[in-house]
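Please open the model in your viewer, keep a selection tool at hand, and follow the stops below in order.

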Amino acid sequence: MAGSLLGQDSGSTAAVTVIKRALELESESRYPQALVCYQEGIDLLLQVLKGTKDVTRKSNLRKRISDYMDRAENIKKYLDQEKEAGKYHKQIKIEENATGFSYESLFQEYLNETVTEVWIEDPYIRHTHQLYNFLRFCEMLVKGQCKVKTIHLLTSLDEGSGKEQQSSGLEEIRESLRNHGVQLELEYSSLIHDREIRFNNGWMIKIGRGLDYFKKPQIQVTFLPRVLMPTNYNRGRIPPKEKNRLGF
């Protein structure tokens, strides 16, 4: 049903895949995951709509997008009610080869205008694809509605042949962020193992694989959603006493 009005081009195929997954997750009452997939699928459908010339198809696409937006909005209202009731912990299991879990989809709902400082602990920001993932995450922060001024990265130092690549890559990212008015504070430790991201508005997010939950691309893909490796995603509000201990 999700793909009956779409073509067979790569953009349409990607949109159908993500929307079908959203419908499946909603039917299983896995609402947080369903919302993420609906948001991703709607974005893909809007891209398809922009490239559609046929008037009838455009009209049908608009109706389909509106229907999915309504479903996503209903889920969001339900989840907001759950949050207001004090149920602040959420867990998402990202399955292997899943799509629809971009950084924007996972993090944007916690990045309001009050966010000015971010702490990232991830021991593996070393190789090219890991540096690229970190860059993508920083790009999301800069482009979003939040007003991030400082990003703290705690990672481990590559003591092997990749040490120079890691160092130069992070310095380039630091310089790029500086050009956007954002300061990157780097710290290295050989003792860290856990991966977490904290925002100064009180949200803490833990991802089993950190930012590195995408599979390394074999080819350059510019439109299809990125394929994922399995991991667990947890987020929750930090209690006021704990926020004080962490320096918020």
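## Stop one: two cysteines

Begin by selecting Cys 138, which is buried, since its relative accessible area is 1%. Keep in mind throughout that what you are looking at is a predicted model. Add Cys 146 to the selection, and you have another buried residue, this one with a relative accessible area of 5%. How many disulfides does the structure hold? The structure holds zero disulfides, because a pair of cysteine sulfur atoms has to lie within 2.5 Å to be counted as one.

## Stop two: the whole chain

Now zoom out and colour by secondary structure, which shows seven helices and seven strands in the chain. Followed along the sequence, these elements come in the pattern α-α-α-β-α-β-α-β-α-β-β-β-β-α. If you colour by accessibility instead, buried residues make up 44% of the 248 residues in the chain. A contact map adds that, among contacts with a separation of 6 or more, 75% are between residues 24 or more positions apart.

## Stop three: helix α5 and its partner

Select residues 128-143, which form helix α5, and then residues 163-178, which form helix α6. Two packed helices are described by the angle between their axes together with the distance between those axes. Here the axes of α5 and α6 come within 10 Å and cross at roughly 15 degrees. Angles under 35 degrees count as roughly parallel, so α5 is roughly parallel to α6. Viewed for handedness, the crossing of α5 and α6 is right-handed.

To see the contact itself, show side chains on both helices: on α5 the residues to display are Thr 128, Leu 131, Phe 134, Leu 135, Cys 138 and Val 142, and these meet Gln 165, Gln 166, Gly 169, Leu 170, Ile 173 and Leu 177 in α6. The cysteine from the opening stop, Cys 138, is therefore part of this contact as well as being buried.

Stay with α5 and compare its length with expectation: at 1.5 Å a residue, its 16 residues should span 22 Å, and the end C-alpha atoms are 22 Å apart, which agrees. The buried residues of α5 include His 129, Gln 130, Asn 133, Phe 137, Met 140 and Leu 141. Which elements cover the buried residues of α5? Besides α6, the covering elements include α4 (103-107), β2 (117-121), β3 (150-155), β4 (183-188) and β5 (196-199).

## Stop four: helix α2 and Ile 65

Move next to helix α2, residues 31-50, whose 20 residues should span 28 Å at 1.5 Å a residue, in agreement with end C-alpha atoms that are 28 Å apart. Colouring α2 by accessibility shows a mostly covered helix, with 14 of its 20 residues buried.

From there, select Ile 65, which is in helix α3, residues 55-84. Is Ile 65 buried or exposed? With a relative accessible area of 4%, Ile 65 is buried. Leaving aside residues up to four places away in sequence, Ile 65 touches Ile 42, Leu 45, Leu 46 and Leu 49. A distance label from Ile 65 to Asp 43 reads 9.3 Å between C-alpha atoms, although the two are 22 residues apart along the chain.

## Stop five: two loop residues

Finish in the loops, starting with Ser 29, which lies between α1 (10-27) and α2. Ser 29 has a positive phi of about 65 degrees although it is not a glycine, and its relative accessible area of 45% makes it partly exposed. The C-alpha atoms of Ser 29 and Ile 75 are separated by 9.9 Å, with their positions 46 residues apart along the chain.

Lastly, select Asn 200, in the loop between β5 and β6 (203-207). Asn 200 counts as partly exposed at 22% relative accessibility, and its C-alpha atom is separated by 9.8 Å from that of Val 148, 52 residues apart along the chain.

Definitions and conventions. Residues are numbered from 1 along each chain as its sequence is written. This is a predicted model: local features need pLDDT of at least 70, side-chain atom pairs count only at pLDDT 80 or more; totals for chains, interfaces and linings use all residues. Side-chain values use heavy atoms; hydrogens and water are left out. Buried means under 20% relative accessible area, exposed over 50%, partly exposed in between (1.4 Å probe, protein chains only). Helices (H or I, at least four residues) and strands (E, at least two) are DSSP runs, numbered from the N terminus. The expected span of a helix is 1.5 Å times one less than its number of residues. Axes are lines fitted to C-alpha atoms, for helices over the stretch in contact, and angles run from 0 to 180 degrees between N-to-C directions. Angles under 35 degrees count as roughly parallel, over 145 as roughly antiparallel, 65 to 115 as roughly perpendicular and the rest as oblique. A crossing is left-handed if the near helix is turned anticlockwise from the far one by less than a right angle, and right-handed if clockwise. Contact means heavy atoms within 4.5 Å.
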